[in-house]
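Student: I would like a close look at a single part of this model: its cavities. Please take me slowly through what lines them.

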Amino acid sequence: MSAFWGVVRRDLLIARRQGGSSLLAVGFFVVVAALFPFAVGADPATLRGVAPGVIWVSALLATLLSLDRLFQADFEDGSLDVLALSPLPLFMTVLAKVLAHWLVVGLPLVIAAPLVGVLLNLPLAAFPVLLGAALLGTPALSLIGAIGAALTAGVRRGGVLVPLLVLPLYIPTLIFGVAATAAAADGLPVAEPLMLLASLTLMALVVAPVASAGALRLALG
Amino acid sequence: MTVMSGWHRFANPTRFSRLSARILPWTLALTLVLFAAGLYLALVASPPDARQGETVRIMYLHVPAAWMALFVYVLLAVFSGMGYIWKHPLADIAAKNCAPIGAGFTLLALVTGSLWGAPMWGTWWEWGDARLTSFLILFFLYLGYIALWQVFEDPEKAARAAAILAMVGLINIPVIHFSVQWWHTLHQPASVFRAGGPTIDSSMLWPLFVMLGAFKAYFVTVLLWRIRAEVAERRVRALQMMQAEA
């Protein structure tokens, strides 16, 4: 278990030393969301209607943009080989790296979500649910994204492929995340979409580390 | 173990080539006969629908294409699993060559669905239709699978990576289908393809089954063709490599 936390700590340390990765994701998230008023008009009622969807799509794209950091650098400098040789099973290493990725990218997005909510005129009553849904849903984004990142690690031009591989798999998370947020904005019950969102994350927790580890072995082997 | 060795017998490329050469004329003939009969039954012999009129004839292309789109993806994932576990090049080649055919079926289902729905919906594309939306996502899954094969230079690595994606996709298909269905209940249903399926008269069911048979036979024929072509291609490449080394 200490090896697991060692990998988490190492990745967090690298992210801190390099700096800017959280800021980059949050900046991208806010800028993309801020484009929408220019695209759909400044009418508060319109913005309120599209707000849940815009927040989730922007968060999804921000996560997507950060996925190349997950394995690529470690693959290129060879540290992934060393990590694969360690006694920690490879899927646990993947899980540790995904956890670090979520702490660096996912969590800042969750914290920034209310800000974007304000920009897009989301009703205040929906904010707790937005935060809860984001906390439940963003781990699934990191986990599923890891599969795409692992499949294309070590492939030239692999990065352009990741959106095509990952975005279709993101659709269920998007659906339930938006549904929970929109239901809260309309004062409707939110338990069902939130529970379904949690179940998606749990499922991704089971499938993604194993699938990603299998894909990484290809890049290493 | 007996089941396994049974499978292994067919995994030999030479035996496959011989066997498929013997099967192909029959499946080709079956395809032609079934399509001729099915199209006649569907377009001429079957009655127009009381409510939808002549547009119901699109169904005879749409429904088999949609069934096949799903069936081929499941088969692709099964081949992928066999290729991944037992490292059979032939299973990998079969999975790879399922993909373009399945993507073709999915596209056909999407286009015919759009054409069929257009008179009812008044638009060419209706997001409120859950099944059509799921098929659009299935189409994206096919595209991702095909693209993943393209980026690897080593076919063995490509096969294993694509197999992982196919198996993840297979797990996700029911999840995606369910979530789209769930999402659909939030947005007003505007479906031509009613949940549980419209009750179909036997005068329409028969042409539908014949068409499904025709699609299946077509699939088997084209898949065997494609696998044979790829096996031959790999053999040519191996011979060229040997020549270059000599």
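**Around the largest cavity**

Tutor: Happy to. Four helices (DSSP runs of H or I, at least four residues, numbered from the N terminus) each supply at least two residues of the lining of the largest cavity: helix H7 (127-152), helix H8 (162-185) and helix H9 (191-220) of chain A, together with helix H6 (155-186) of chain B. This is a predicted model, in which local features need pLDDT of at least 70 and side-chain atom pairs 80 or more, while totals for chains, interfaces and linings use all residues. Residues are numbered from 1 along each chain, chains are lettered from A in the order written, and side-chain values use heavy atoms, without hydrogens or water.

The structure holds three cavities of 30 Å³ or more (a cavity is a set of 1 Å grid points where a 1.4 Å probe fits but cannot get out, with lining residues having an atom within 4 Å of a point). The largest cavity has about 150 Å³ of space, taken as the space filled by probe spheres on its joined points. Its lining has 14 residues, and those nearest the centre are Ile144(A), Leu200(A), Met203(A), Ala204(A) and Asn172(B). H9(A) gives the most to this lining, with five residues. By class, the lining of the largest cavity divides into twelve nonpolar residues (Ala, Val, Leu, Ile, Met, Phe, Trp, Tyr, Cys and Pro), two polar and no charged.

Now for the second largest cavity, whose volume is about 70 Å³. If you would like to find it in the viewer, select the residues that line it: Phe29(A), Ile55(A), Trp56(A), Ala59(A), Leu109(A), Val110(A), Ala113(A), Leu130(A), Ala134(A), Thr138(A) and Leu141(A). In chain A, helix H3 (44-66), helix H6 (90-119) and H7 each supply at least two residues of that lining. H7(A) has the largest share here, with four residues. Sorted by class, the lining of the second largest cavity has ten nonpolar residues, one polar and no charged.

To put the two together, H7 of chain A supplies at least two residues to the lining of the largest cavity and gives the largest share of the lining of the second largest cavity. Charged residues are absent from the lining of the largest cavity, and the lining of the second largest cavity has no charged residues either.

Terms used:
1 Å grid on protein atoms, 1.4 Å probe; cavity = no way out; pocket = protein on both sides within 12 Å on 5 of 7 lines; lining within 4 Å.
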